Amino acid sequence: MPSTTARRLPKTPSPDAGPDVRRVRQRLLKWYDAHHRRLPWRAEPGVAPKPYRVLVSEAMLQQTQVATVVPYFGRFMDALPTVRDLAGADEQAVLRLWQGLGYYRRARSLHAAAKVIVCDHGGVIPDNVADLLKLPGVGRYSAGAIASIAYGTRAPILDGNVARVLARLTLIEQPIDAPDTRKTLWRLAEELVPASRPGDFNQALMELGALICTKANPTCDACPLSGQCQARVVDRVASVPVPAKRKAPTLVHHHVIVMERAGRFLFEQRPATGLWANMWQLPTAEDLPAKANTSELSAWAADRSGLVLSDTQHVVAFTHQTTHRTIRFNVWHGLVTSGRLRRGAGRWRRLDQLNDLPLANPQRKAVAVLIKEDPQQHG
DNA sequence: AAGTCGGGGAG
DNA sequence: CTCCCAGACTT
C-alpha cells in the first residue's frame with residue numbers, strides 16, 4: 001500500500017498509531033506564542049536569534065535550571081560579547097565567569113569550541129547538526145537546539161523536559177533513561193519537529209515541561225496537549241516517567257588547611273581533570289582520615305608546600321552536597337613560621353583580593369568564614 | 001551500560 | 001533529606 005494512501009486514512013487512528021502530529025504541532029506552537037517566557041537569550045518574536053547567544057545559553061543550561069542561568073548569562077555576555085572575544089579570552093577569565101555555576105568542564109569546552117569556530121569556521125557558528133556535533137561540549141541535544149533555534153534548521157532535541165512530555169504524551173512506562181527508551185524518544189522528537197518554526201517548536205516542548213507538564217503536580221487542565229495525552233487517558237500522568245535508578249552519594253572528607261603569612265594566604269590550582277578541574281582553592285587534603293589532628297594537618301601542609309606551620313587549629317566544619325558526593329569540609333588554620341614555598345606550589349593572596357582566582361562554591365564559603373572570623377585583618 | 005562531573009530549585 | 005534540571009564525555 002502506498003504510504004500516501006495510508007497517511008490520508010487516519011480518520012479513526014488505531015490506538016498505537018502515535019500522536020496526531022499536525023495537531024500536536026499546531027496546538028503546541030499556539031500555546032507557546034501565547035505563554036512563553038521572555039528570557040535574555042531568547043529573541044523577540046519576528047527577530048532573528050543571535051547564534052552566539054544561543055551557543056552560550058545552551059552550554060549554561062545543560063543540567064541547570066533557567067532561573068539559575070539568567071544572572072550568569074548576563075555577566076558572561078557583558079564580558080565576552082562575541083565569539084571572537086571568547087576565543088581570545090584566558091581560560092581563567094572564562095572560569096571566573098562560570099564560578100558557582102558548576103560542571104566547569106562546560107566552560108572549558110565552550111572556550112575550546114569558540115576557538116574552533118574562529119579558526120575553522122571563520123567565526124561563524126555552524127548551522128547544521130553534523131558540524132555542531134564536532135564542537136567540544138556539543139552533543140546531540142545541544143546540536144539540535146542550536147541548529148533549530150539559531151538557524152531554523154529542522155532538527156530534533158531531547159532533554160529532561162522533552163523526555164517527560166513525550167513519555168506522558170505516548171505513555172512510555174519503561175525507565176526514562178533506558179537506551180531503548182531514549183531511542184524511542186529521539187525517534188518521536190524527530191517525527192514531531194516541523195520544518196516550519198522548528199526552534200519555536202523545540203522550545204515549546206521544553207517550555208511545556210518546565211511550566212505545565214512538570215515532574216510534580218502537573219497542571220493538565222492548562223495543557224494544550226491534554227486532549228492528545230495517552231497518560232492522562234489512563235490516569236497515569238503522576239507515575240510517568242518512571243525515574244532512572246540513582247546511587248546514594250558517598251561521604252568523603254576534605255581538610256582545608258589555611259596557610260597564613262603576613263596577612264596573605266596560600267592558594268593552589270586543582271588538577272586539569274576530575275572534580276573542580278583547573279579551579280583554585282585553599283590547600284585542601286582529600287586523602288587524610290576524617291578525624292585527622294593538628295599535627296597530621298601540619299605535616300601534610302609541610303609535605304605539600306614546603307612551609308612549616310605553627311599554632312595550627314581547627315576553625316570550622318561544614319557539609320557540601322553534590323549529586324554524587326557528600327563532602328564534609330574541615331577548615332584548619334596555621335601561621336607560616338619558616339620554610340620555602342615549593343616552585344609552582346601556589347600563589348599568595350589577601351582574602352579580599354581573590355578576583356583573579358576562580359573558586360568553586362565550598363572554597364568561596366571557606367574564604368567567607370575566614371573573613372567573618374577575622375574581619376579587621378582583611379577589611 | 002555505568003560513572004563522572006556542581007550547584008540549586010522545589011517538594 | 002530526595003529528585004531533577006534546555007547533557008557531555010569517559011571508561
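Helices here are DSSP runs of H or I with at least four residues, numbered from the N terminus. The model is predicted, so local features need pLDDT of at least 70 and side-chain atom pairs count only at pLDDT 80 or more, while totals for chains, interfaces and linings use all residues. Residues are numbered from 1 along each chain as its sequence is written, and side-chain values use heavy atoms, with hydrogens and water left out.

**Exercise 1.** Place V116 in its helix and state whether V116 is buried, partly exposed or exposed.

Solution. Step 1: V116 belongs to helix α7, residues 105–120. Step 2: buried means under 20% relative accessible area, exposed over 50%, and partly exposed in between (1.4 Å probe, protein chains only). Step 3: V116 has 26% relative accessibility and therefore counts as partly exposed. Step 4: contact means heavy atoms within 4.5 Å. Leaving aside neighbours within four places in sequence, V116 touches H121, L135 and P136.

**Exercise 2.** Do the same for A89, which sits in a loop.

Solution. Step 1: the loop holding A89 runs between α5 (83–88) and α6 (91–98). Step 2: the relative accessibility of A89 is 14%, so A89 counts as buried. Step 3: beyond four places in sequence, A89 is in contact with L80, V94 and H111. Step 4: F265 is 176 residues away from A89 along the chain, and their C-alpha atoms are 27 Å apart.

**Exercise 3.** Describe how α3 packs against α9.

Solution. Step 1: take axes as lines fitted to C-alpha atoms over the stretch in contact, with angles from 0 to 180 degrees between N-to-C directions. Step 2: for α3 (residues 51–61) and α9 (residues 140–151) the angle is about 150 degrees and the axes are 9 Å apart. Step 3: this makes the pair roughly antiparallel, a term for angles over 145 degrees. Step 4: P51, V54, L55 and E58 of α3 meet Y141, A145, I146, I149, A150 and Y151 of α9.

**Exercise 4.** Locate the largest nonpolar core relative to the two domains.

Solution. Step 1: a nonpolar core is a set of buried Ala, Val, Leu, Ile, Met, Phe, Trp, Tyr and Cys residues joined through side-chain atoms within 4.5 Å. Step 2: the largest one has 94 residues, and Y52, M60, F76, W98, L166, L208 and F267 touch the most other members. Step 3: domain 1 (19–38 + 156–245) and domain 2 (250–378) both contribute residues, so this core lies between them; the bounds come from an automatic or database domain assignment. Step 4: apart from this core lies another, of 14 residues, including M259 and W348.

Notes:
Chains are lettered from A and ligands numbered from 1 in the order in which they are written. Helices (H or I, at least four residues) and strands (E, at least two) are DSSP runs, numbered from the N terminus. Angles under 35 degrees count as roughly parallel, over 145 as roughly antiparallel, 65 to 115 as roughly perpendicular and the rest as oblique.
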